[in-house]
Amino acid sequence: MELTQILKFLQIIKKRQIETGKIVSREVKRECELEKIDRGLQFLIYKENEDFCCESGIIMKEDDRLIITETGEEILQNIGSKDKINQIIIENCILKSKFSNKIIPGLSQFHKNKENKIWYEMKLVTKLFDSTEIVTLLHDVGLFKKDTENEIIKLNTKFSQNEVITRLWKISQKQLEANLRKSEEIKKKIGSIAERIVVDLEK
């Protein structure tokens, strides 16, 4: 799951909308298959991209139809600015939306130092998330920054004051750990908290 692939997938969807006036998922899938023939290993994986775009609120799926959301349109309007796209995806897709439930539990286990910098050990960070692809995406969009000298991953300070992040860190980590013994239980609990945060922000 890479940002370039996600953007290409979104552009294909928009192309179908412009050419036909509607977006049918099977037609988008067929075009992704054509990309496979043309580009070999660089082809788009349809299901992976569709799942992410639906979970992150970039598109919606109704039966066999795909609909580009306001967030998806905003990304397309800023297609020439990687920084702006990164900001849109981090603030609207990664820290909010259904996809955030895969991110917030992992972020909650990061450390916070005296300077309020949020970080985690580089060698262990992939264990906090469901897949290495998620960690790759978080690097790709600039939410994570590598500090190779200290062998840590830092949360981009640009987003440390994001409302979701600040509300998350108000939750007592010691209290959660005292109430929940198993790591999976901790993830589920914080995931539920994350959902409530996102719902509150959307009101």
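Trainee: Hi! Which residues are linked in a network of salt bridges here?
Mentor: Arg16, Glu19 and Glu27 are. Keep in mind that this is a predicted model.

Trainee: Good to know. How many salt bridges does a search of the whole structure find?
Mentor: The search turns up 10.

Trainee: Can you walk me through some? What does Lys15 pair with?
Mentor: Lys15 meets Glu31 in a salt bridge, side chain to side chain, with 3.1 Å from N to O. Glu31 belongs to helix α2, which covers residues 25–39, and Lys15 to helix α1, residues 3–20, so the bridge ties together parts 16 residues apart in sequence.

Trainee: Is Glu31 buried or exposed?
Mentor: Glu31 is buried, at a relative accessible area of 14%. Its partner Lys15 counts as partly exposed, with 38% relative accessibility.

Trainee: Okay, next one. What is Arg26 bonded to, and how far apart are the closest N and O atoms?
Mentor: Arg26 forms a salt bridge with Asp64, and 2.5 Å separates the closest N and O atoms. This one links distant parts of the chain: Arg26 sits in helix α2, while Asp64 is in the loop between β1 (59–62) and β2 (65–68), 38 residues apart.

Trainee: And how accessible are those two, Arg26 and Asp64?
Mentor: Arg26 is exposed, with a relative accessible area of 52%. Asp64 comes out as partly exposed, at 26% relative accessibility.

Trainee: Got another? Where does Lys61 find its salt bridge?
Mentor: With Glu50: their side chains meet at 3.3 Å, N to O. Here strand β1, which holds Lys61, is linked to helix α3 (residues 46–55), which holds Glu50, and the two residues are 11 apart.

Trainee: Which way does Glu50 go, buried or exposed?
Mentor: Buried, with just 8% relative accessibility for Glu50. Lys61 is partly exposed, at 39%.

Trainee: Let me zoom out. How many helices and strands are there in the protein?
Mentor: The protein has 10 helices and 6 strands.

Trainee: What share of the residues is buried?
Mentor: Of the 203 residues in the protein, 42% are buried.

Trainee: And the surface? What do carbon and sulfur atoms supply?
Mentor: About 11,800 Å² is exposed in total, and carbon and sulfur atoms supply 46% of that.

Trainee: Last one, on contacts. Taking those with a separation of 6 or more, what percentage comes from residues 24 or more positions apart?
Mentor: That would be 58% of such contacts in the protein.

Trainee: Great, thanks!

Key
Residues numbered from 1 in each chain as written. Predicted model: local features only at pLDDT ≥ 70, side-chain atom pairs only at ≥ 80, totals over all residues. Heavy atoms only, no water. Helix = DSSP H or I, 4+ residues; strand = E, 2+ residues; numbered from the N terminus. Buried < 20%, exposed > 50% of the residue type's maximum accessible area, 1.4 Å probe, protein only. Contact = heavy atoms within 4.5 Å. Areas by Shrake-Rupley, 256 points an atom, 1.4 Å probe, with all protein chains shown as cover. Salt bridge = Lys/Arg side-chain N within 4 Å of Asp/Glu carboxyl O.
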